[in-house]
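Student: I should like to go through this model term by term, and to ask on what grounds each term is applied. Please show the structure before we begin.

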Amino acid sequence: MKKILEAYGFGKLQDLLTLERQLARRGISFADLRGFVEGEIRRLEEEKKQRVGFQKSCPACNGPMVLFPVNTTRRNQTGDESTAVWTCARCGEEIWETDTIAEIHKRMREEARNGLRRIWGFAPARNSV
Ligand SMILES: [Zn+2]
């Protein structure tokens, strides 16, 4: 046991015991905890995939730009009204957004629909893009 626990450090083990006590008090098992944490990990990975799905081309180099939300946590504060930044994976060009992520996604879907309308002459149903 000592050998296994050595890898975690004393602080983490104390946190674990505190968590175990709090869960037990509420009748929550360790299996429930595992299920919840694994569910959250799946949910976050799904969100990440959707975020990566929203890409656009860089106006400077035509490289892929990826959208990163800002001002959503203590760690990504920018000190202004920005909501997200498009960052070019190739040249580092940045385009700052002040629309909400939901508005940006709606705009991207609309742009995708308009693109298909140009190519096909009609757009597919609203929910299929
Ligand atoms: Zn670029």
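Student: Which pattern does the protein follow when read along the sequence?

Tutor: The pattern is α-α-α-β-β-β-β-α, from four helices and four strands. Helices (H or I, at least four residues) and strands (E, at least two) are DSSP runs, numbered from the N terminus. Residues are numbered from 1 along each chain as its sequence is written. This is a predicted model, in which local features need pLDDT of at least 70 and side-chain atom pairs count only at pLDDT 80 or more, while totals for chains, interfaces and linings use all residues.

Student: What is the average pLDDT of the protein, and where is confidence lowest and highest?

Tutor: The pLDDT, the predictor's confidence in each residue from 0 to 100, averages 85, and 87% of the residues score at least 70. Confidence is lowest in helix H3 (residues 30-53), with a mean of 78, and highest in strand S4 (residues 94-97), at 95.

Student: What makes the span of helix H2 close to the expected one?

Tutor: The expected span is 1.5 Å times one less than the number of residues. For the 16 residues of H2 (residues 10-25) this gives 22 Å, and the helix reaches 23 Å from its first C-alpha to its last. After H2 comes Gly-27, with a positive phi near 70°.

Student: Why is H2 called hardly covered?

Tutor: A residue is buried if 20 or more other C-beta atoms, placed from the backbone, lie within 10 Å of its own, exposed if 12 or fewer, and partly exposed in between. Among the 16 residues of H2, the count of buried residues is zero. In the protein, 5% of the 129 residues count as buried.

Student: Is Phe-30 buried or exposed, and how do you know?

Tutor: Phe-30, in helix H3, has 11 other C-beta atoms within 10 Å, so Phe-30 is exposed. Its C-alpha atom is separated by 9.9 Å from that of Leu-19, 11 residues apart along the chain.

Student: Which residues make up the largest nonpolar core?

Tutor: A nonpolar core is a set of buried Ala, Val, Leu, Ile, Met, Phe, Trp, Tyr and Cys residues joined through C-beta atoms within 7 Å. The largest one has six residues: Cys-58, Met-65, Leu-67, Ala-84, Trp-86 and Cys-88. Strand S2 (64-69) and strand S3 (84-88) each give two or more residues to this core, and S3 gives the most, with three. The side chains along S3 alternate: Ala-84, Trp-86 and Cys-88 point to one face and are buried, whereas Val-85 and Thr-87 point to the other and are not.

Student: Why is the sheet called open, and which strands stand at its edges?

Tutor: Two strands pair if DSSP finds at least two bridges between them. The four strands lie in the order S1-S2-S3-S4 with antiparallel pairing. Strand S1 (55-57) and S4 stand at the edges with a single partner strand each, so one side of each has no neighbour in the sheet. From one strand to the next the twist averages 30°.

Student: How many bridges support each pairing?

Tutor: Three bridges join S1 to S2, five join S2 to S3, and four join S3 to S4. Each of these counts satisfies the criterion of at least two bridges. Ser-57 stands opposite Pro-64 in S2. Val-66 has Thr-87 in S3 as its bridge partner, and Pro-69 has Ala-84. Ala-84 also stands opposite Glu-97 in S4.

Student: What makes Asn-62 and Asn-71 notable in their phi values?

Tutor: Most residues other than glycine have a negative phi. Asn-62 is not a glycine, yet has a positive phi of about 70°, and Asn-71, also not a glycine, has one of about 60°. Asn-62 lies in the loop between S1 and S2, a hairpin with six residues between the strands; Asn-71 lies in the loop between S2 and S3.

Student: Why is Asn-62 called exposed, and Asn-71 partly exposed?

Tutor: Asn-62 has 11 C-beta neighbours inside 10 Å and so counts as exposed. Asn-71 has 13 other C-beta atoms within 10 Å and is therefore partly exposed.

Notes: Axes fitted to C-alpha atoms, helices over the stretch in contact; angles between N-to-C directions.
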